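Trainee: I'd like to walk through this model with you, strands and cysteines included. Can we take it piece by piece?

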Amino acid sequence: MRDQLYLFIFMFHFSTGCIVSDVKHIEITAYSGGSVVLPCSCADPQSTVTTFTWEFDRGNQWIQVFQDEKYSGRHVLFNERSPTNLSLLISDLRMNDQGYYTCKTESNSITHVDLKVKGCDLVEKRKIFEVTGYSGESVVLPCSCTELLAKPEQIQWIYLIENNYKEIYPNEQIENYKNRVKLLNSNTPGNLSLHISALTTEDQGEYQCSVSSQQVVSFRLTVLHAEEKPHVNTITLTTHQASHQTQDSTTSQLNPTQQHTSRNVFILGVFFSVFLLALLAFILWRCRGGRNDKKVTTDGGELKTEQDNQDDVMYSTVVHVKTASTAAHTHSDPVELTEYASVNVKR
């Protein structure tokens, strides 16, 4: 019974097939010339996909992407490596790729994708710009899309010669421009500026940057001889160079001064250190002198007390005369013995 239940569940799972993820409606914005992935995948990674289709809404008519020639060589599927990943990669996007797409499986599970494609809209279109260059040098004619990530489906630079426009990029129809023209920055799809090197006076005239018949930017190029460069630029350059020379000479002159200043700072630091040490020694000396004065004052006070005590002493002299007994006829002098005695007098 249990085996039959497992078999029933397996058959049911196999019959239901792939049910796409919960996200049913997706909006995506991309740029012309770039690539985009339209996501679609089975909610159950273990499910089996038998058939699925990607369709594009073309005027109330759904067209299968895999059968439309305009997607030939530009679409890639991911289900070969991951069977439940049904996402669609479209490269080299074009403006007509914009619209509604659906990913539909055999179980009628559908994911809707709204794709918006931003194209190249030229900046300052339908205007004429004046550009001046000098013979022997290079010049840039600026042209770009408002969206720098958007690559135009076509780009053309043309030059007016003898009342006829000749293409100079990407096809060099004029021999004189071969190996002298290129786009300024090929890494930025929306930067269409043209770089012309090794200018000659024959290069002056009218140029146009065009991405479509409705989007054109015009330029009027004037090429002057190098001698005709404004003197202001030369003076500015000379002054700039002179300024650098003056700065270098000033720097070289300031080096001895800086060394002298450093020496003075060192001497001043040594003097200041000695002054601090002397000041500290003076303070210590004063402190010790104060203690000595206090001691002297104390000793003086004791001396004065002794003197005061001495003033209270009266001295008396007592004279003792001692006469030695001698034999007759012997001359003898009396010997005086003086003895001092002190008498304390209290006041």
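Trainee: How many bridges join S9 to S16, and in which sense do the two run?

Mentor: Strands here are DSSP runs of E with at least two residues, helices are H or I runs of at least four residues, and both are numbered from the N terminus. Two strands pair if DSSP finds at least two bridges between them. One bridge in this pairing sets Val131 opposite its partner Leu221 in S16. The count for S9 and S16 is seven bridges, and the sense is parallel.

Trainee: Before I go on, what kind of model is this?

Mentor: It's a predicted model, where local features need pLDDT of at least 70 and side-chain atom pairs count only at pLDDT 80 or more, while totals for chains, interfaces and linings use all residues. Residues are numbered from 1 along each chain as its sequence is written, and side-chain values use heavy atoms, with hydrogens and water left out. So, in a word: predicted.

Trainee: Which strand forms a hairpin with S16?

Mentor: Look at Gly205, which stands opposite Leu221 in S16. Seven bridges hold this antiparallel pairing of S15 and S16. Two residues sit between the strands of the hairpin, and the partner of S16 is S15.

Trainee: How many of the ten residues of S16 are buried?

Mentor: Buried means under 20% relative accessible area, exposed means over 50%, and partly exposed is in between (1.4 Å probe, protein chains only). Across the 347 residues of the protein, 24% count as buried. Strand S16 covers residues 215–224 and is largely enclosed by the rest of the structure, because the number of its residues that are buried is seven.

Trainee: On to the cysteines. How many disulfides does a search of the whole structure find?

Mentor: A disulfide is a covalent bond between the sulfur atoms of two cysteines. The cut-off is a pair of cysteine sulfur atoms within 2.5 Å. Counting bonded cysteines along the chain, the pattern reads 1-3, 2-4, 5-7, 6-8. The search finds four.

Trainee: Take Cys40 and Cys103. How far apart in sequence are the parts that this pair ties together?

Mentor: The sulfur atoms of Cys40 and Cys103 are 2.1 Å apart in this disulfide. Cys40 lies in the loop between S2 (36–38) and S3 (52–57), and Cys103 lies in S7 (residues 99–105), so the separation is 63 residues.

Trainee: Why is the disulfide of Cys40 and Cys103 called left-handed?

Mentor: Both Cys40 and Cys103 are buried. The handedness comes from the torsion about their S-S bond, so the link is left-handed because that torsion is about -70°.

Trainee: Where does Cys209 lie, the partner of Cys143?

Mentor: The sulfur atoms of Cys143 and Cys209 are 2.2 Å apart, and the link is left-handed with -70° about the S-S bond. Cys143 lies in the loop between S10 and S11, 66 residues away in sequence, and Cys209 is in strand S15 (residues 205–212).

Trainee: What is the relative accessibility of Cys209?

Mentor: Its partner Cys143 is buried, with a relative accessible area of 4%. Cys209 counts as buried too, and its value is 0%.

Trainee: Which cysteine does Cys120 join?

Mentor: The S to S distance of this disulfide is 1.8 Å, and the partner of Cys120 is Cys145. The link is left-handed, at -85° about the S-S bond. It connects distant parts of the chain, with Cys120 in the loop between S8 (110–118) and S9 (128–134), and 25 residues away, in the loop between S10 (139–141) and S11 (156–161), Cys145.

Trainee: Which are the edge strands of the sheet with S2, S6 and S5?

Mentor: This open sheet has three strands in the order S2-S6-S5, with antiparallel pairing. Three bridges join S2 to S6 (residues 88–90), and among them Val37 has Leu89 as its partner in S6. Each edge strand pairs on one side only, and the two are S2 and S5 (75–77).

Trainee: Last one: how much of residues 265–285 is helix?

Mentor: The unreviewed UniProt entry places a "transmembrane region" at residues 265–285; such annotations may be inferred rather than shown by experiment. In the model, the end C-alpha atoms of this stretch are 30 Å apart, strand accounts for 0%, and helix for 100%.
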